[in-house]
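Me: I am new to this structure. Could you walk me through the terms used for it?

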Amino acid sequence: MKPARPKRTRQRAAVKAIRPSLALEALKEAQDIIGFRFKDAASLERALTHPSAVAPSGDTVKLSNQRLEFLGDRVLNLIIAERLIERRQSDSEGDLAPRLNRLVKKGACAEAMRHLGLQRFILMSESEAAAGGQERESTLGDACEAIIAAIYQEGGLNAARKFIERAWAPQFENVPAETKDPKTLLQEWAQGQGHPLPEYVVTGRSGPDHAPVYEVEVRLAMGKAAATGSSKREAERHAAALMLRTLTGTE
């Protein structure tokens, strides 16, 4: 006869067995709204699982939507970039970059979730729900990117593209013609991704007093970019534009 496992081990095993799930009716309704029928419904459940729902098990990597979110962000960027290239053939790279940034940031993903009414299907802990988790921009954005990834893994780019066309329809119709200052756009991108605000540092100055040239470096958690200008503000704008092009993959 095998000896009984220690109480702590039995408790840990019991916790790991807990997997958040949606009722069959809710799963069907969510898929009807998304417009894609999953062969493995567990993929959709995982895409809708906030880390707080599985935190007691400690295995948020395997059970929550974090890894899917990572993939979905890349798929979304590719599909939106393709769409802009196809539909705005006279726009320069500098015109396309801020438009791309507007449509792929966390706020845009959250708006897409609200447009379809998918936020009510997100699985999260009671405390997270009580704190307003179903309306939190970062939570909605992460879930949306995870859904895109789950669709892509089962149906490929075409299926993901169809979902994005439906979910982003109001935003595609209401993209403003004017573009914001690159510094504003970079700040919005950083906030949307949950990063600290950009830091601008003057790293050099050359030229005569009547025609100075400033070199400015913009720094973010994931990298930095440097540019020059005839004023500090101009150099900052150029550095921000360069960083945006790098971050959004349009460089």
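The questions below take up the chain as a whole, then its helices, cysteines and single residues.

Me: What kind of model is this, and how many helices and strands does the chain have?
Reply: It is a predicted model. The protein chain has 12 helices and 3 strands. Of its 251 residues, 43% are buried. Among contacts between residues at least 6 apart in sequence, 56% join residues at least 24 apart.

Me: What makes the buried residues of H2 line one face of the helix?
Reply: Helix H2 covers residues 24-34, and its buried residues are Ala 26, Leu 27, Ala 30, Gln 31, Ile 33 and Ile 34. Looking down the axis of H2, these residues fall within an arc of 160°, so they line one face. On the other side of H2, Leu 24 and Glu 25 are exposed.

Me: What covers the buried residues of H2, and which residue just after H2 takes a positive phi?
Reply: The cover includes helix H3 (41-47), helix H7 (106-116) and helix H9 (137-167). Just after H2 comes Gly 35, with a positive phi of about 85°.

Me: Why are H7 and H9 called roughly perpendicular?
Reply: Start with the angle. H7 and H9 pack at about 75°, and their axes are 7 Å apart. Roughly perpendicular covers 65 to 115 degrees. The angle falls in that range, so H7 and H9 are roughly perpendicular to each other. On the H7 side, the contact residues include Cys 109, Ala 110 and Met 113. On the H9 side, they include Leu 140, Cys 144 and Phe 163.

Me: Why is H11 called oblique to H12?
Reply: The axes of H11 (residues 182-192) and H12 come within 8 Å and cross at roughly 45°. An angle under 35 degrees would count as roughly parallel, and roughly perpendicular starts at 65. The crossing fits neither, so H11 is oblique to H12. The contact is made by Pro 182, Lys 183, Leu 185, Leu 186 and Trp 189 of H11. From H12, the residues in this contact include Glu 236, Ala 240 and Leu 244.

Me: What is the handedness of the crossing of H11 and H12?
Reply: H11 passes H12 in a left-handed crossing.

Me: How do you know that Cys 109 and Cys 144 form no disulfide?
Reply: A disulfide needs two cysteine sulfur atoms within 2.5 Å. The sulfur of Cys 109 is 4.8 Å from its closest cysteine sulfur, in Cys 144, so the pair is too far apart for a bond. From the other end, the nearest cysteine sulfur to that of Cys 144 is the one in Cys 109, and Cys 144 is in no disulfide. The count by this rule is 0 disulfides.

Me: Are these two cysteines buried or exposed?
Reply: The limit for buried is under 20% relative accessible area. Cys 109 has 0%, so it is buried. Cys 144 also has 0% and counts as buried.

Me: Why is Leu 244 called buried?
Reply: Leu 244 is found in helix H12, residues 232-247. Its relative accessibility is 4%, so it counts as buried. Leaving out residues up to four places away in sequence, Leu 244 touches Asn 101, Pro 182, Leu 185, Leu 186 and Trp 189. Leu 244 and Pro 182 are 62 residues apart in sequence, with C-alpha atoms 7.7 Å apart.

Me: How do you know whether Glu 236 counts as buried or exposed?
Reply: Glu 236 lies in helix H12. Its relative accessibility is 17%. Buried means under 20%, so Glu 236 counts as buried. Beyond its neighbours within four places in sequence, Glu 236 is in contact with Lys 183, Tyr 200 and Val 216.

Me: What makes Lys 39 exposed?
Reply: Lys 39 is placed in the loop between H2 and H3. Exposed starts over 50% relative accessible area. Lys 39 has 80%, so it is exposed. In sequence, Lys 39 and Glu 154 are 115 residues apart, but in space they are 7.7 Å apart, C-alpha to C-alpha.

Notes:
Residues numbered from 1 in each chain as written. Predicted model: local features only at pLDDT ≥ 70, side-chain atom pairs only at ≥ 80, totals over all residues. Heavy atoms only, no water. Buried < 20%, exposed > 50% of the residue type's maximum accessible area, 1.4 Å probe, protein only. Helix = DSSP H or I, 4+ residues; strand = E, 2+ residues; numbered from the N terminus. Arc of directions from axis to C-beta. Contact = heavy atoms within 4.5 Å. Axes fitted to C-alpha atoms, helices over the stretch in contact; angles between N-to-C directions. Parallel < 35°, antiparallel > 145°, perpendicular 65-115°, else oblique. Left-handed = near helix turned anticlockwise from the far one by under 90°.
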